[in-house]
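Please explain how this chain is put together, moving from its overall make-up to its interior and then to the surroundings of its ligand.

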Amino acid sequence: MSELAPAPQHLSARVLGLAQLGLIVLDINQHIVMWNQWMASRSGKSAHRVLGQDLFDLYGELRGQRLEQAVLSAMQSNLPQTLSPALNPSPFPLYPAGSWGGERVEQAVSVTPFNEGKERYCLIEVSDISTIVGRERQLRSQAEQLRAQSYVDGLTGIANRRHFDVALDRELRRAMRNDGQLSLLLMDIDSFKAYNDHFGHQQGDACLSMVAEAFASMLQRPADLAARYGGEEFAAVLPDTSAEQAALHAETIRAKIASLNLAHSPKATKPHVTMSIGVATFDKDTLNDAAALLAAADSCLYAAKHAGRDCVIVYRGEQASAA
Ligand SMILES: Nc1nc2c(ncn2[C@@H]2O[C@H](COP(=O)(O)OP(=O)(O)OP(=O)(O)O)[C@@H](O)[C@H]2O)c(=O)[nH]1
């Protein structure tokens, strides 16, 4: 079997010149003994200029940083070191080849000690991970956008049912923990079928958007949540709000919707668009989960419809009463 001959020196030099990553070799004194073409074209410093210089004199900003510690530790322990790109983003001032200034190349850096004869050296490899980092950022921002969209109702722009469910569950648990107060409003546009039949579905959609906007603008506290519960139904989660306060709030919302004076179908009870509202308040013994609270608010909403619509009914035990 024939032995493989070592690569001739000119071949190694050519390969170093073609390498698509930065290669730096330091001697035991941290002086640069090798600096390949990739480093030269991204740093603006030719090998001729940097050979023999202390790397950390050349780049003062690296002094005392993780890279210097990694080099020292690699030289002492003879163990390779990898710098986390998240903790050490872009340590070298390197820029895309041919474009001076602008954004630094994102870098992944590893440090490998080695011995050659009696001498100890350290190889620093610098990879350009800008594309990967850019793609990661894009994916993260797309995921963030999707997450935000998945919580917003497409027609009205207020919170959707999923958001409502999450918020109600969170606030119920908070109320349980703190023995706090929490109220829920369920509201429904009156005779909306007649509205659609009279004005058409498209105008029906526009009406829903106007009502949603007006209703959401009435909720002032940051923790309050205005949501589209489904179809022509809306809901509000009101933390730290007693039954009396919620009843007042609901009455203000009802009056606000009526005051929009949106023309209704001649078949509706009133000449303008109105809303019926059911109110239920957390009670740690009886109304202490989402299903019970929703059922109580819904029974009040049903009672409001039966009481002639355009009114507020508050849940008071088994017997709902007008606000
Ligand atoms: N335009 C439009 N209409 C919707 C939407 N979602 C639900 N609706 C309509 O809302 C109407 C609700 O009708 P009903 O549940 O019969 O109730 P109502 O006519 O509002 O009568 P009351 O609730 O008893 O006052 C139906 O005609 C649905 O088609 C929507 O996204 N856009």
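The paragraphs below go from the whole chain to its cores, then to one strand residue, the ligand shell and one helix.

The model is a predicted one, and its chain holds eleven helices and eleven strands. Of its 323 residues, 33% count as buried. When contacts between residues at least 6 apart in sequence are considered, 54% of them join residues at least 24 apart.

The interior can be described through its nonpolar cores. The largest of these has 54 residues, and the members that touch the most others are Leu-185, Ile-277, Val-279, Ala-297 and Cys-300. Helix α11, which spans residues 290-306, supplies the largest share of this core, namely seven residues. Apart from this core lies another, made of 21 residues, with Leu-26, Trp-38, Leu-55 and Leu-67 among them. Returning to the largest core, Ile-277 may be taken as an example: leaving aside residues up to four places away in sequence, Ile-277 touches Leu-185, Met-187, Ala-250, Ile-253, Arg-254, Leu-301, Ala-304 and Val-312.

Strand β9 covers residues 275-281 and includes Ala-280. Ala-280 counts as buried because 28 other C-beta atoms lie within 10 Å, where 20 or more are required. With residues up to four places away in sequence again left out, the contacts of Ala-280 are Leu-184, Leu-287, Leu-293, Ala-296, Ala-297, Cys-300 and Tyr-315. Leu-301 is 21 residues from Ala-280 in sequence, and their C-alpha atoms are 10.0 Å apart in space.

The next step is the ligand. Its surroundings consist of 17 residues, of which Asp-190, Phe-192, Lys-193, Gly-204 and Gly-231 are the closest. The elements that each contribute two or more residues to this shell are β6 (182-189), α8 (192-199) and α9 (201-217). Sorted by class, the shell contains seven charged residues, together with five polar and five nonpolar ones.

Helix α6 remains to be described. Running from residue 130 to residue 149, α6 has 20 residues and reaches 28 Å from its first C-alpha to its last, which is close to the 28 Å expected at 1.5 Å a residue. Helix α6 is hardly covered, since the count of buried residues among its 20 residues is zero.

Technical notes. Residues numbered from 1 in each chain as written. Predicted model: local features only at pLDDT ≥ 70, side-chain atom pairs only at ≥ 80, totals over all residues. Core = buried A, V, L, I, M, F, W, Y, C linked by C-beta atoms within 7 Å. Buried ≥ 20, exposed ≤ 12 C-beta atoms within 10 Å, placed from the backbone. Helix = DSSP H or I, 4+ residues; strand = E, 2+ residues; numbered from the N terminus. Contact = placed C-beta atoms within 7 Å. Near = placed C-beta within 6 Å. Nonpolar A, V, L, I, M, F, W, Y, C, P; charged D, E, K, R; others polar. Expected span 1.5 Å × (residues − 1).
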